[in-house]
Amino acid sequence: MTQDSLFRVATPPGPAGLQPFDTELIAQIANDLFRDPEQAGPAPVPPPAAVPWQGRAAAPALPAEVAPGSFYFLDEAAATPPSAAPGWNLAPSYLELTAPPVLDPQPGPFDPVSLRRDFPILEQRVHGKPLVWLDNAATTQKPRAVIDRISDFYRHEYSNIHRAAHALAARSTDAYEGAREKARRFLNAGSVQEIVFVRGATEAINLVAQSWGRRNVGPGDEIVITWLEHHANIVPWQQLAAEKGAKLRVAPIDDRGQVLLDEYEKLLNPRTRLVSFAHVSNALGTVNPVREMAAMAHRHGAVVLVDGAQSVSHLAVDVQALGADFYAFSGHKVFGPTGIGVLYGRSDLLEATPPWQGGGNMIADVTFERTVFQPPPARFEAGTGNIADAVGLGAALDYVTRAGLANISRHEHDLLTYATEGLSCIPGLRIIGTAREKAGVLSFVLDGYRSEEVGAALDQEGIALRSGHHCAQPALRRFGVETSVRPSFALYNTRADIDALTAAVAQLARSRP
Ligand SMILES: Cc1ncc(COP(=O)(O)O)c(C=O)c1O
């Protein structure tokens, strides 16, 4: 399709006697407005094809020029005020659409060196040295596929979503809802109604605390977390417990940084309303036995939230197989944009959960007397969401799926083993967190140096990593330290990156003051 054909306007059957629109002229103006001046050459870039949703049966007939089923209109039924029956809910029309079969991106051969070339930012030098990005637990870099997808979206598809009957609203809605379907597949959720777009893992956890938690946690109830948690999985529960007169209980960890499962189980009882723990610890790299911990919690009737912020870019996640009732992750930690993330919630739980914010998009009908809310997920997405970044997240999930999570896990495990061997040989270096099951996070302290000094010295070598408390102060204090140095790995890291790290830390150890 050429760019010219993009903006062709369908001729409406005009009432007799009225001047019809000059559709050719309108199409010409639209094309002139939207043409990229840099693409004046003969081969304009076509926009990505909109995902052709299957339209709902009641949708009005589309003009001949518009591909049938490529978008939806707000129909009469949806515009009609609902009956006064309490609890009446209106299914938003876009949720009734079913995505056509889209071919899954298949994992290809895994080559970290060629994957690295997909990330333009990694081509640069810092302080005259090639950039070695080992700060992946804080955030991941973005592949061209994600950058280009967001740029294409703004160039060709952008509009507000769900509420207009024009072509760009349809493209934008298709792209946004297409990303929701990608997230559903990525987590193996049962339906797109279980996928709520949020700002990130922090917002996802707060959403559950403030909506599900406020309704289901009362005085004397208990919430169980572990000693490994990120502050994002501590503070919202503290706030909820303080508000409701509930108790926050913390499962201890052993000297390797593993949850003591028998102690964890002892904390569970009929008063336990919710258990919330990380899939992978951001400070120590421990991979928790989610399935086992969730099964124990369920035996006591508790709901399970899994904080997946550190897992989705490293391990294949199947929320149903894990037994997660809620699962949270952030787009920026899985090669997607900042400001977008996902809360998965089991459909029966989300349906019984009130909204946490009010506004547009989440309502079915509003009068001054009362509001009828949409069903999930729209009920939890008040206002205009982060549309373009949701689309970018979809592209990131495709990218990771193509690389293959089994390949990524294997590769990162190799890097972790290699780095652990290399760093362990350095005199005065102590590794914090030596769990049997670890993902690509390695925390350490170095005698004679503050963590920040190590971080600053490595930066001079072009090596970016995190030094500090990693928003997990209780976990680090359990090991008698306030801060650590934390290299963390991703699919584009190589053994050469680890060699650079090990050599730079060894040099620091040799020149210890
Ligand atoms: C385990 C864990 N949970 C939650 C978060 C919070 O993620 P975000 O800041 O993207 O909301 C992080 C971020 O580092 C994390 O590592």
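**Helix H16, a helix pair and the ligand shell**

The buried residues of helix H16 pack against four strands, S14 (443–446), S15 (463–464), S16 (466–468) and S17 (484–486), and against helix H18 (495–510). Keep in mind that this is a predicted model. Below is a quick tour of H16, then of the H6–H14 pair and the ligand's surroundings.

**Helix H16**
- H16 covers residues 451–460, and its buried residues are Ser451, Val454, Gly455 and Leu458.
- Looking down the H16 axis, you'd find these buried residues within an arc of 100°, so they line one face of the helix.
- Flip to the other side of H16 and you get Glu452, Ala456 and Gln460, which are exposed.
- After H16 comes glycine 462, with a positive phi near 85°.

**Helices H6 and H14**
- H6 (residues 144–157) and H14 (residues 387–403) have axes that come within 8 Å and cross at roughly 145°.
- The H6–H14 crossing is right-handed.
- On the H6 side, the contact is made by Ala145, Val146, Arg149, Ile150, Phe153 and Tyr154, which meet Ala388, Val391, Gly392, Ala395, Ala396 and Tyr399 of H14.
- Sorted by class, that H6–H14 contact has 10 nonpolar residues, one polar and one charged.

**Around the ligand**
- The residues around the ligand are Gly200, Ala201, Thr202, His230, Ala232, Asn233, Ala278, Asn282, Asp307, Ala309, Gln310 and Ser330.
- By class, the ligand's shell comes out as seven polar, four nonpolar and one charged residues.

Technical notes:
Residues numbered from 1 in each chain as written. Predicted model: local features only at pLDDT ≥ 70, side-chain atom pairs only at ≥ 80, totals over all residues. Buried ≥ 20, exposed ≤ 12 C-beta atoms within 10 Å, placed from the backbone. Helix = DSSP H or I, 4+ residues; strand = E, 2+ residues; numbered from the N terminus. Arc of directions from axis to C-beta. Contact = placed C-beta atoms within 7 Å. Axes fitted to C-alpha atoms, helices over the stretch in contact; angles between N-to-C directions. Left-handed = near helix turned anticlockwise from the far one by under 90°. Nonpolar A, V, L, I, M, F, W, Y, C, P; charged D, E, K, R; others polar. Near = placed C-beta within 6 Å.
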